[in-house]
Amino acid sequence: MTVPRQPSPPDRPGAAGKPDREGGKTEDRRHMIRRRWLTATIIVLLIGIPAGYLAISASQSRNSGRDKESKYSATGLSEGWPSRVQRRLYDVPIPPYSKEVAYYETNNWRTSRLYVQFLTSNEGLEKFLQRIGTSTDRLEPKDITISKRDQKVVGWEFTGPGPWSGLTHDKKNPAPTQDVVVDRSNAKHPMVYVVSSTTP
């Protein structure tokens, strides 16, 4: 005589892979582990990727802030062009295609100064001087118009063979006044040094 098989109790799932009391299939242990692992992986990705992105962004922001801080707290020239606002404010229209461009800005309650250097062509020098309201005819041979104090601020030393020439272009406040020194050791490409000062 064969004993009939008893149905599984309500709190016990049916045999693995066979229909349960509600007609669905139960999952075996391997499938359960795989499903839980996949769920955990998705959760980690959903949380981890944005968190990592935020951490990287915060780090870049901090580094950018440090770069700016060191740039403006350093006593020396920064390689590159001053901003358009700075060039307009201090009236320093650097000629296009200039090379070896560098600058430094200082501000205090009395006077603000922009120190700029650039290598240009003879035509570029002429246009630069015309745009600030003067000309190459006003350049005086051997006249170093930039003071020793201003030279020290940015580490300029006008001691090379030259020939050197310079001029001071005075303007009424609040328009800036420019001290310009030109080194023509390269006859075709003069090196130009400018200190533009303005009183707020």
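Select Tyr193 to begin the tour: this residue is buried, with a relative accessible area of 12%. The model on display is a predicted one.

**The aromatic pairs**

Keep Tyr193 selected and add Phe158. The two residues form an edge-to-face aromatic pair, 4.9 Å from centre to centre and with 65° between the planes. This pair links distant parts of the chain, since Phe158 belongs to the loop between α4 (148–154) and β5 (164–169), whereas Tyr193 belongs to strand β7, 35 residues apart. Phe158 is likewise a buried residue, at 12% relative accessible area.

Next, add Trp156. Its relative accessible area is 6%, which falls under the 20% limit, so Trp156 counts as buried. How is the ring of Trp156 placed against that of Phe158? The ring centres of Trp156 and Phe158 are 6.0 Å apart and the planes stand at 35°, so the pair is tilted.

Now extend the selection to Tyr104, Tyr115 and Trp164. Together with Trp156, Phe158 and Tyr193, these residues form one aromatic cluster. In the structure as a whole there are 8 aromatic pairs.

**A cis peptide bond**

Return to the loop between α4 and β5, where Pro163 is found. Display the backbone here: the peptide bond that joins Gly162 and Pro163 is cis, with omega of about 10°.

**The nonpolar cores**

Select Val92, Phe118, Phe128, Leu129 and Val180. The largest nonpolar core has 18 residues, and of these the five selected touch the most other members. Which elements each supply at least two residues of this core? They are β2 (99–107), β3 (112–119), α3 (122–132), β6 (177–183) and β7 (191–198). The greatest contribution comes from α3, which gives 4 residues.

A second core, separate from the one above, has 12 residues, among them Leu119, Trp156, Trp164 and Val181. Trp156 and Trp164 were already met as members of the aromatic cluster.

Then centre the view on Val180 and show its surroundings. When neighbours within four places in sequence are left aside, Val180 is in contact with Phe128, Leu129 and Ile132, as well as Thr145, Ser165, Gly166 and Leu167. The list of contacts of Val180 also includes Val192, Tyr193 and Val194, which brings the tour back to its starting residue.

**Two positive phi angles**

Move to the loop between α2 (84–89) and β2, and select Asp91. Although Asp91 is not a glycine, it has a positive phi of about 55°. Asp91 counts as partly exposed, at 21% relative accessibility.

Tyr97 is placed in the loop between α2 and β2 as well. This residue, again not a glycine, has a positive phi of about 70°. Is Tyr97 buried or exposed? Tyr97 is exposed, with a relative accessible area of 80%.

**A nonpolar surface patch**

For the last stop, switch to a surface view and select Trp37, Leu38, Ile42, Ile43, Leu46 and Ile47. These residues make a nonpolar surface patch of about 660 Å². Within the patch, pick out Leu38, which lies in helix α1 (residues 29–73). With a relative accessible area of 46%, Leu38 is partly exposed.

Terms used. Residues are numbered from 1 along each chain as its sequence is written. This is a predicted model: local features need pLDDT of at least 70, side-chain atom pairs count only at pLDDT 80 or more; totals for chains, interfaces and linings use all residues. Side-chain values use heavy atoms; hydrogens and water are left out. Patches are made of residues with over 30% relative accessible area and no salt bridge: like charges are joined within 9 Å, nonpolar side chains (Val, Leu, Ile, Met, Phe, Trp, Tyr) within 5 Å. Accessible areas come from the Shrake-Rupley method with a 1.4 Å probe; for residues, only the protein chains shown count as cover. A salt bridge is a side-chain nitrogen of Lys or Arg within 4 Å of a carboxyl oxygen of Asp or Glu. Buried means under 20% relative accessible area, exposed over 50%, partly exposed in between (1.4 Å probe, protein chains only). A nonpolar core is a set of buried Ala, Val, Leu, Ile, Met, Phe, Trp, Tyr and Cys residues joined through side-chain atoms within 4.5 Å. Contact means heavy atoms within 4.5 Å. Rings of Phe, Tyr and Trp (its six-membered ring) pair if their centres lie within 6.5 Å; planes under 30 degrees apart count as stacked, over 60 as edge-to-face and the rest as tilted.
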